[in-house]
Amino acid sequence: MGVYRDLGVSPVINVLGTVTMVGGSRMDPRVLDAMSEAAGSFVNMRELHRNAGRTIAQLVSAEAACVTSGAAAGLAIAAAACMAHADPAKILQLPDTTGMPNEALVLKAHRILYDQAIRLAGAEFVEVGVTSFASLEQVEASITNRTALFLYAAEASSMRGSLPLRDLAVLLRHHGIPLVVDAAAELPPVSNLSAFLSDGADLVVFSGGKEIGGPQSSGLILGATQLIEDCNANCFPNYSIGRAMKTDKETIVGLVKAVELFVQRDYDAIFDRWEKIVDAVVSAVNGLPGCTARKGHPTEQGIQPKEIPRAYITADNLSGAELLDRLLRGEPSVVAGMEDSEIALNPQCMTETEVQPLIDALITALS
Ligand SMILES: *Cc1c(COP(=O)(O)O)cnc(C)c1O
């Protein structure tokens with residue numbers, strides 16, 4: 001890992017998951033090979049962007065797809081598409097939304113840190129309900145001729161103040177309001193690539209650089225042909241809001257390869273591997289005096305993906321925050337998460353060769 005050491009930073013063991021703050025994901029060598037090959041020649045970027053979208057749509061059985069530089073960029077481009085559509089003058093006018101509907105409806109319980117991307121395109125949020133409650137009647141009463149879209153954060157779907165996506169989809173379709181779903185980190189299961197669209201979403205945004213395993217700065221918008229055409233119009237290589245979020249040829253080719261590998265991946269074997277890593281950590285820690293470890297799944301809202309097992313650790317004489325800090329300052333440094341007062345270890349991004357160093361780091365931190 002000389003390239004990192006040369007820059008004065010140390011590589012870390014990531015037991016947090018596909019989290020951007022530690023680098024997001026690990027690319028398959030076949031993705032890197034495709035990117036290397038792409039770097040070797042020039043190409044018509046408009047053709048490449050369009051054909052890559054078409055290929056990805058076929059791979060994931062969506063009607064159409066638009067490649068972006070991340071899920072957050074996808075949200076901004078989706079919002080621009082819902083306001084300016086393919087009107088050349090309006091596309092250039094954004095983020096000034098004069099003369100266009102510019103309100104993004106969102107349930108209060110669905111406000112997330114990433115939704116600033118919607119405002120980046122010029123949209124303004126209109127919140128519906130309160131943190132603990134919202135109704136379809138309230139949503140309907142909020143729809144006006146200023147409404148441009150409805151944003152749904154998939155990770156908030158089981159909050160008390162949430163509403164079922166399907167019910168919202170029926171209502172919004174009746175009023176002709178596009179339903180945009182932020183599903184950035186909702187993989188696995190692979191079936192989620194189509195589940196939100198089946199439930200009636202018009203546009204669904206995923207990160208390419210999380211579980212899909214593409215370049216960190218890649219993402220996808222999936223949806224029906226007409227709205228995806230509007231996304232393309234508001235996206236690189238066109239002069240538009242999306243021009244400031246451009247995707248390079250290597251990223252586009254890398255994402256296509258990553259999606260191709262992702263849809264073929266044997267998740268039975270992968271879950272088996274994740275279970276084994278968690279079991280190894282749990283049994284090693286339970287052998288230490290004053291330490292307790294258990295296998296479980298996240299119960300806290302917004303922690304994704306919930307399907308992947310975690311190792312939860314507590315120590316009698318050490319708070320969760322202290323343990324987290326010791327792991328972070330260890331050699332090698334381990335970046336873990338915390339839920340309530342327990343340390344949570346997510347095996348999602350781990351390789352087999354990191355298991356023993358992780359266990360050693362835990363033993364050191366806990367002793
Ligand atoms: C990670 C994430 C994003 C941002 O994704 P990028 O691909 O890093 O831009 C947006 N929304 C949610 C819910 C996320 O988890």
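How do the residues of the shell around the ligand divide into nonpolar, polar and charged? Five are nonpolar, three polar and three charged. Keep that in mind as we go round this predicted model.

**Stop 1: the ligand and its shell.** Select the ligand, then show Thr-20, Gly-70, Ala-71, Ala-72, Tyr-114, Glu-155, Asp-182, Ala-184, Ala-185, Ser-207 and Lys-210, the residues that surround it.

**Stop 2: three polar pairs.** Start with Ala-71, where a polar backbone atom is 2.8 Å from an oxygen atom of the ligand. Hop over to Asp-182 next: a polar atom of its side chain lies 2.7 Å from a ligand nitrogen. Then pick Lys-210, which has a side-chain N or O atom 2.8 Å from an oxygen atom of the ligand. Now turn on a surface: on its own the ligand has 380 Å² of accessible area, and the protein covers 89% of that.

**Stop 3: the space around the ligand.** The ligand takes up the largest pocket, which holds about 900 Å³ of space. Its lining counts 40 residues, and nearest the centre you'll find Thr-18, Val-19, Tyr-114, Ala-185 and Lys-210. Colour helix H4 (71-84) and strand E12 (337-339), the elements that give two or more residues to this lining. Colouring the lining of the largest pocket by class gives you 19 nonpolar, 14 polar and seven charged residues.

**Stop 4: the second largest pocket.** Here there's about 630 Å³ of space. Select Tyr-4, Val-22, Gly-23, Ser-25 and Arg-26, the closest to its centre among the 18 residues of the lining. By class, that lining has nine nonpolar, seven polar and two charged residues.

Note on methods: Residues numbered from 1 in each chain as written. Predicted model: local features only at pLDDT ≥ 70, side-chain atom pairs only at ≥ 80, totals over all residues. Heavy atoms only, no water. 1 Å grid on protein atoms, 1.4 Å probe; cavity = no way out; pocket = protein on both sides within 12 Å on 5 of 7 lines; lining within 4 Å. Points joined across faces, edges and corners; volume = space filled by probe spheres on them. Helix = DSSP H or I, 4+ residues; strand = E, 2+ residues; numbered from the N terminus. Nonpolar A, V, L, I, M, F, W, Y, C, P; charged D, E, K, R; others polar. Near = heavy atom within 4 Å. Polar contact = N/O pair within 3.5 Å; in protein donor to acceptor, adjacent residues only side chain to side chain. Areas by Shrake-Rupley, 256 points an atom, 1.4 Å probe, with all protein chains shown as cover. Sits in = over half its atoms within 2 Å of the grid points.
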